[in-house]
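Me: I have a structure open and want to work through it in short steps. Please reason briefly and end each reply on what I asked for.

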There are 2 protein chains.
Amino acid sequence: MLRSSRPSINLIRQVGTIAIQEPAQPSVKTDIPGPRSKLLHENLKRVHQAPSVKFFVDYESSFGNYLVDADGNALLDSFMQISSIPIGYNHPELVALHSDPRFITAAVSRPALGNFPRTDFADLIANSLISIAPPGLRHVQTMMDGTGANENAIKQSFIRYQTLKRGGPPTPKDLESCMNQELPGTPKLSVLGFQGSFHGRSLGMLSVTRSKAIHKVDIPAFDWPIAKFPRYKYPLVKHENYNKKQDEESLEDVKKHFIARKKEKRDVAALIVEPIQSEGGDFHASNEYFHELQKLCKEHGVTFIVDEVQTGGGASGHFWAHEKWGLPEAPDIVTFSKKALIGGYYYKDELTVNEPYRIFNTWMGEPTKLVILEKVVEIIKRDRLVEQTAKVGAHLYKSLEDLERHFPNLVSNVRGQGNLCAFDLPDAAKRDKLLAVALKYGLHVGGCGDLTVRFRPALIFEQKHADIATEILAQSLKKL
Amino acid sequence: MLRSSRPSINLIRQVGTIAIQEPAQPSVKTDIPGPRSKLLHENLKRVHQAPSVKFFVDYESSFGNYLVDADGNALLDSFMQISSIPIGYNHPELVALHSDPRFITAAVSRPALGNFPRTDFADLIANSLISIAPPGLRHVQTMMDGTGANENAIKQSFIRYQTLKRGGPPTPKDLESCMNQELPGTPKLSVLGFQGSFHGRSLGMLSVTRSKAIHKVDIPAFDWPIAKFPRYKYPLVKHENYNKKQDEESLEDVKKHFIARKKEKRDVAALIVEPIQSEGGDFHASNEYFHELQKLCKEHGVTFIVDEVQTGGGASGHFWAHEKWGLPEAPDIVTFSKKALIGGYYYKDELTVNEPYRIFNTWMGEPTKLVILEKVVEIIKRDRLVEQTAKVGAHLYKSLEDLERHFPNLVSNVRGQGNLCAFDLPDAAKRDKLLAVALKYGLHVGGCGDLTVRFRPALIFEQKHADIATEILAQSLKKL
């Protein structure tokens, strides 16, 4: 196999015009979107829906923590394609993979992974996903994206629930009745989600998603219950009692739904929860809360699914945000996508599905992404980037607290885990204005929920980048 | 941009060990799965679920119409990764794309396409998907895979249905009520599917899938109706009256469901149908049938979705199998994936969704696939490969009819469109045995439904490949 472990200028040159250096600081020459972005937007609308497009990006010119937009504006990117770029744009060691035959053949001769996998599939998985598996989990299932990850995690929970109930695989009666979508083959099972959660945009996943109305409106949904999620006040030490009460109320609500649904014979088979409700507004909860949540699930025979699609992959100061909780045992399932480059989920051994075609999909993931992820994981470990997110995140957190002190009427509820930091503005209009002004000064940072600014930088985000970001935020807040 | 329009031996050599030639004929040296495949299967099970794995493939050694398995067996592949490889393994002109900077940056700096598209996104779409758009359709929406394509096609139908009903975008009352999954924001709408259909494995898509119980069992489903689909007898000319009655019964059933659901205030918003029910058993229907089906949908205000995930991309003798029907106007939506390399759907202009984030997904498709598809489309057009599927398909069809004459007690119901040919065996055991014996002789062909053998070759499948295939089938049938 032809594999290069270090970037070679030669290889980079070979592929032409790809940037190989990060700018020292942002530089903005036009409005954003600028004239070229606007023109490209018009062109795109002629062939493809584009109502969510913000601006166009020149990916060949982007590098590291900086993206260069279609108008040549260089922006410090602390949002990174909705948290999905692990080690920055055009990392030279990733660009060098273009001459790896595994990468090329996987791209042009894509396998149906569930039927006819590549001979190196197990190795690729072992070197990438398994080498960073959450403690206590040793098996993984690949899928195409985060929605597919959550859909199949929930399917696997349903299969487990019915298998345990029956004491074995489906009976002929199950197989017959499910073709008419009748009991017992098509069970009336529920999934419990949380107010403010986001788990994807398929019909099934929208049924447990409650972040924003625009995602859900006009789409029929499964009649599944939804529980309150804690809404903390910050700083935590000042609101200990209030926040504890938030935990208790949420746990009480979860328990209530478990019991009620059991009575209605629509048992909750799975509970799905984000370590940080991201799209919903960067809402955190305490380690103790998640311990109790896992305990409740165990008591009620409910599969405990932790959705790390946005929080996983190293940005939280751990490879997986739930590691911080120090649970007595692993969650039953941990789902991922985004920074993991491929969708999928880790699951406990006892959840393994033994019958063919129950968890399946033609592509079932994309092996080129595993070739890239193998190298990404090598770099993350070698360069100690998870440790870096803890350190840089702590620095960013402190800088945001300084902002809060300087702008007490504008900035509140500073919070974070690793470099997944956030803070609130007094209202949506001010939040949106802040994002727009910061962009003008060269900082790309995200919004979420109604009031919140969220950081989702790459793992290579350094203290110097955090300092530029907070400097720009300070400048921008003065304009509000 | 560095783009090579012809394969260069140099470039191929550069990437090492990738095969550049097709074997003259199959060669099988071991059982399939052979000892190495079996060992790799054990290894894979240690890290990943693998109950559907058939054998492992050495993709670096596979070329054209031939795959080489982990044990060095060279198989003529007329199944092509469940119909998903358009122009064979490791096409040299696709391998050469590895040095195209668009391909590399798209792979290592993957955009959130809905928010921050590449500057060349519209061009890539125009050169690939739009250049092969079905007649009458000018807009496309990319997604990750076939399931995501169908999910979002159906979401778009729901949005259209409610928008027309309201006469505009969602009202505050819709937005408020949908957060509690209550009327009017969360409507009780239905999708009508067909007995025997397959549209994906998400919770939503399983609700309109009725191909096999093992996909559906233990998974809760939306309470959507299902209509009878024609089941023809062959040869068609001999069973004209019977088959016409099949059409009528199906159309009657469709109409019945439209009316019943309207009465129940669970209106059918969309109907989804495959041109050839593939996974379900390669069931075809007449041009007249589909004309009537479209008419019925129009009369009842139902979005008419044609699922071309398996049939699209050129294998049917047209780029899209539904072109054969000669409809008076385009279907409302045509979904695709597999041979299109990327999931997505074409839609009529009036279905465009104008509000942001209603049809959205972080990745929303994979631009590396568009770079490859652009070249695939160029090659298909240049080499007249769609015409080739019509010609080779007709030859294959005739050869299968010869088989039927030689083995009248074994082979029946020969049918096909382009190279998407199929025939039936008397029972599942004989069908499975035929597939196994043919594999031993070096032919990889697929099964579907209970009794059916289906061909799903690449577009580069030639008469000589069809002859080898039918020769092996003849040999194999003798062993039954």
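Me: How many helices and strands does chain A have?
Reply: This is a predicted model. Both kinds of element occur in chain A. The counts are 16 helices and 14 strands.

Me: What radius of gyration does chain A have, against that of a compact globule?
Reply: Chain A has 480 residues. A compact globule with that many would come out near 23 Å. The value for chain A agrees with this: 23 Å.

Me: What box do the C-alpha atoms of chain A fill?
Reply: The box is taken along the principal axes. Its rough dimensions are 65 × 60 × 45 Å.

Me: What share of the residues of chain A is buried?
Reply: A residue counts as buried when its relative accessible area is under 20%. The share is taken over the 480 residues of chain A. It comes to 66%.

Me: What part of the contacts in chain A joins residues 24 or more positions apart?
Reply: Take the contacts with a separation of 6 or more. Within that set, residues 24 or more positions apart account for 72%.

Me: How much of the exposed area of chain A do carbon and sulfur atoms supply?
Reply: Chain A exposes about 16,600 Å². The share from carbon and sulfur atoms is 52%.

Me: How far apart are the mean positions of the positive and negative charges in chain A?
Reply: There are 61 positive charges and 56 negative charges in chain A. Each set has a mean position. The two means are apart by 2 Å.

Me: Which kind of axis relates chain A and chain B?
Reply: Chain A superposes on chain B after a rotation of 180 degrees, with 0.0 Å of shift along the axis and an RMSD of 0.0 Å. The two copies are therefore related as by a two-fold rotation axis.

Me: What percentage of the interface residues of chain A are also interface residues in chain B?
Reply: The copies meet through the same surface. That follows because the shared percentage is 100%.

Me: Which cis peptide bond leads into A:Pro33?
Reply: A:Pro33 sits in the loop between helix H1 (9-14) and helix H2 (35-45) of chain A. Most peptide bonds are trans. Here omega is near 0 degrees, and the cis bond runs from A:Ile32 to A:Pro33.

Me: Where in chain A is A:Pro184, which a cis peptide bond joins to A:Leu183?
Reply: Omega of the bond between A:Leu183 and A:Pro184 is about 0 degrees. A:Pro184 belongs to the loop between helix H8 (172-178) and strand E4 (190-194).

Me: Is A:Leu341 buried or exposed?
Reply: A:Leu341 is not a glycine, yet its phi is positive, about 70 degrees. Its loop runs between strand E8 (333-336) and strand E9 (343-347) of chain A. The relative accessible area of A:Leu341 is 11%, so the residue is buried.

Me: Is A:Arg384 buried or exposed?
Reply: A:Arg384 also has a positive phi, near 50 degrees. The residue lies in the loop between helix H13 (367-382) and helix H14 (385-406) of chain A. With a relative accessible area of 53%, A:Arg384 is exposed.

Me: Which residues does A:Leu385 touch, beyond those up to four places away in sequence?
Reply: A:Leu385 is in helix H14 of chain A. At 4% relative accessibility, A:Leu385 is buried. The residues touched are A:Ile87, A:Ile379, A:Ile380, A:Leu459 and A:Ile460.

Me: What distance separates the C-alpha atoms of B:Pro35 and B:Asp71?
Reply: B:Pro35 lies in helix H2 of chain B and is exposed, at 57% relative accessibility. Outside its neighbours within four places, B:Pro35 is in contact with B:Thr30 and B:Asp71. B:Pro35 and B:Asp71 are 36 residues apart along the chain, with their C-alpha atoms separated by 7.1 Å.

Me: Which residue of chain A is in contact with B:Gln156?
Reply: B:Gln156 lies in helix H7 (residues 146-166) of chain B. At 0% relative accessibility, B:Gln156 counts as buried. Its contacts in chain B include B:Tyr345, B:Tyr347 and B:Leu351. From chain A, the contact is A:Gln49.

How values were computed
Residues numbered from 1 in each chain as written. Chains lettered and ligands numbered in written order. Predicted model: local features only at pLDDT ≥ 70, side-chain atom pairs only at ≥ 80, totals over all residues. Heavy atoms only, no water. Helix = DSSP H or I, 4+ residues; strand = E, 2+ residues; numbered from the N terminus. Rg over C-alpha atoms; globule rule 2.2 N^0.38 Å. Buried < 20%, exposed > 50% of the residue type's maximum accessible area, 1.4 Å probe, protein only. Contact = heavy atoms within 4.5 Å. Areas by Shrake-Rupley, 256 points an atom, 1.4 Å probe, with all protein chains shown as cover. Lys, Arg positive; Asp, Glu negative; His and termini not counted. Charge placed at Lys NZ, Arg CZ, Asp CG, Glu CD. Least-squares fit on C-alpha atoms with pLDDT ≥ 70 in both.
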